[in-house]
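Student: I have a new model open and would like to go through it with you. Could we take it piece by piece, starting with a loop that caught my eye?

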Amino acid sequence: MPTRHLKAKDESERSSLEVGTPLTARVLLAAPPLRREFFNRDAVTVGRELLGKLLIRRDGRRLLAGRIVEDEAYLGALDPAAHAYSGRTLRNAVLFGPAGHAYVYFIYGNYYCTNVTCMPEGDAGCVLLRAIEPVLGLDAMIQARGLESSSQTGISQIRLISSGPGRMSEALGITRARDNGKDLTERRSDLWIAADGYRPERVIETPRIGITKAVQEPWRFVIAGNRFVSGKRGS
DNA sequence: GAGGAGATCGTCT
DNA sequence: GACGATCTCCTCT
């Protein structure tokens with residue numbers, strides 16, 4: 001994969017790249033994984049409450065983690081924009097299974113998008129994870145994205161690491177072959193979601209983006225002011 | 001900085 | 001054969 005060149009930056013700028021509040025592996029491993037009951041609710045509630053939670057990837061002996069700053073709810077059979085709307089297929093079968101599992105699909109010939117199943121089994125609701133704010137493993141994420149090292153990554157470009165569902169999945173090495181159907185409530189898995197007690201100050205609800213059906217529904221949730229939120233000017 | 005076009009391939013009909 | 005819950009690059013202002 002060719003290296004994508006980002007703007008150079010100086011040392012003073014680099015220190016500010018330690019985005020949000022960087023966490024240690026010890027802190028991440030102490031954070032309890034979200035329980036099945038958390039996901040066994042409607043997708044809108046889960047989407048709103050997932051903001052601020054930690055998405056953690058174990059990659060060999062390494063941990064990568066980011067705080068969820070943007071997501072979207074999809075309501076299954078009730079939602080024309082949802083993959084489950086047209087019924088069960090081989091691709092979306094995970095959506096019809098138990099809550100708290102990863103639904104990963106391939107899109108536009110290049111990218112993977114990562115969802116968490118929710119609602120009681122059979123209802124096929126899910127939450128699309130759209131962006132995280134890196135809290136551990138920043139350099140590994142930059143490498144996974146094919147960007148230059150953090151010593152050369154500009155502050156104005158740092159959001160390119162994990163802002164957007166395709167970028168976020170690539171940064172954490174999430175693929176359909178590796179992660180589709182994985183239980184995200186289980187720390188013994190190599191991908192899970194945990195809570196460390198952080199609560200976002202302000203959450204904004206907006207219409208979902210990148211879809212052509214049910215575009216008016218305000219089921220996209222973002223942490224207000226967070227620089228890793230995708231879209232134009234993070235809106 | 002903003003907007004548009006093209007790339008790319010799995011999935012579904 | 002058509003479409004798509006995206007991203008990057010290029011052009012214009």
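Student: Where is Ala-214 found?

Tutor: Ala-214 is found in the loop that lies between β7 (203-206) and β8. Bear in mind throughout that this is a predicted model.

Student: What is phi for Ala-214, and is the residue buried or exposed?

Tutor: Its phi is near 50°, which is a positive value in a residue other than glycine. Ala-214 counts as buried, because its relative accessibility is 17% and the cut-off for buried is under 20%.

Student: Which other residue, again not a glycine, has a positive phi, near 65° this time?

Tutor: That is Met-119, with a positive phi near 65°, and this residue sits in the loop between β4 and β5. The two strands form a hairpin with six residues between them. Met-119 is also buried, with a relative accessible area of 10%.

Student: What does Met-119 touch, leaving out residues up to four places away in sequence?

Tutor: Its contacts take in Phe-39, Asn-40, Arg-41, Asp-42 and Ala-43, and also Leu-75, Ala-99 and Gly-125. Ala-43 is in turn one of the buried residues of α4, the helix that spans residues 43-50.

Student: How far is Met-119 from Arg-62 in space?

Tutor: The C-alpha to C-alpha distance is 32 Å, for two residues that are 57 apart in sequence.

Student: Back to α4, then. How many of its residues are buried?

Tutor: Six of the eight are buried, so helix α4 is largely enclosed by the rest of the structure. The buried ones are Ala-43, Val-44, Thr-45, Val-46, Gly-47 and Leu-50.

Student: What do those buried residues pack against?

Tutor: They pack against α3 (36-39) and against a series of strands, namely β2, β4, β5, β6 (191-194) and β8 (220-223).

Student: β5 keeps coming up. Why is β5 described as largely enclosed by the rest of the structure?

Tutor: Strand β5 covers residues 125-136, and 11 of these 12 residues are buried, so the strand is largely enclosed by the rest of the structure.

Student: Which strands are joined to β5 by bridges?

Tutor: Strand β2 (residues 62-74) is joined to β5 by nine bridges, and the two run antiparallel; as an example of the register, Glu-70 has Ala-131 of β5 as its bridge partner. Strand β4 (residues 111-118) also runs antiparallel to β5, with five bridges between them, and here Val-116 is partnered by Val-127.

Student: And how does β3 pair with β4?

Tutor: β3 and β4 pair in the antiparallel sense as well, over six bridges, with Ile-107 partnered by Tyr-111 of β4. They form a hairpin with three residues between them, and Tyr-108 in the turn has a positive phi of about 55°.

Student: Changing topic: how much space lies in the largest pocket, and which residues lie nearest its centre?

Tutor: The largest pocket holds about 890 Å³ of space. Its lining has 35 residues, and those nearest the centre are Tyr-105, Ile-107, Tyr-108, Cys-113 and Gly-210. Tyr-108 is the turn residue of the β3 and β4 hairpin that we have just discussed.

Student: Which element supplies the largest share of that lining?

Tutor: α6 does, with four residues. β3 (102-107), β4, β5 and α6 (165-171) each supply at least two. By class, the lining divides into 18 nonpolar, 10 polar and seven charged residues.

Student: What about the second largest pocket, what lines that one?

Tutor: Its space comes to about 230 Å³. The lining includes Arg-48, Glu-49, Leu-51, Gly-52 and Lys-53, and also the run from Ala-195 through Asp-196, Gly-197, Tyr-198 and Arg-199 to Pro-200. Five of the lining residues are nonpolar, two are polar and five are charged.

Student: To finish, how many helices and strands are there in chain A?

Tutor: Chain A has seven helices and eight strands, and 51% of its 235 residues count as buried. Among contacts between residues at least 6 apart in sequence, 67% join residues at least 24 apart. The accessible surface is about 11,100 Å², and carbon and sulfur atoms account for 51% of that area.

Key. Residues are numbered from 1 along each chain as its sequence is written. Chains are lettered from A and ligands numbered from 1 in the order in which they are written. This is a predicted model: local features need pLDDT of at least 70, side-chain atom pairs count only at pLDDT 80 or more; totals for chains, interfaces and linings use all residues. Side-chain values use heavy atoms; hydrogens and water are left out. Buried means under 20% relative accessible area, exposed over 50%, partly exposed in between (1.4 Å probe, protein chains only). Two strands pair if DSSP finds at least two bridges between them. On a 1 Å grid over the protein atoms alone, a cavity is a set of points where a 1.4 Å probe fits but cannot get out, and a pocket is an open set with protein on both sides within 12 Å along at least five of seven lines; lining residues have an atom within 4 Å of a point. Grid points are joined across faces, edges and corners, and a volume is the space filled by probe spheres set on the points. Ala, Val, Leu, Ile, Met, Phe, Trp, Tyr, Cys and Pro count as nonpolar, Asp, Glu, Lys and Arg as charged, and the others, Gly among them, as polar. Contact means heavy atoms within 4.5 Å. Accessible areas come from the Shrake-Rupley method with a 1.4 Å probe; for residues, only the protein chains shown count as cover.
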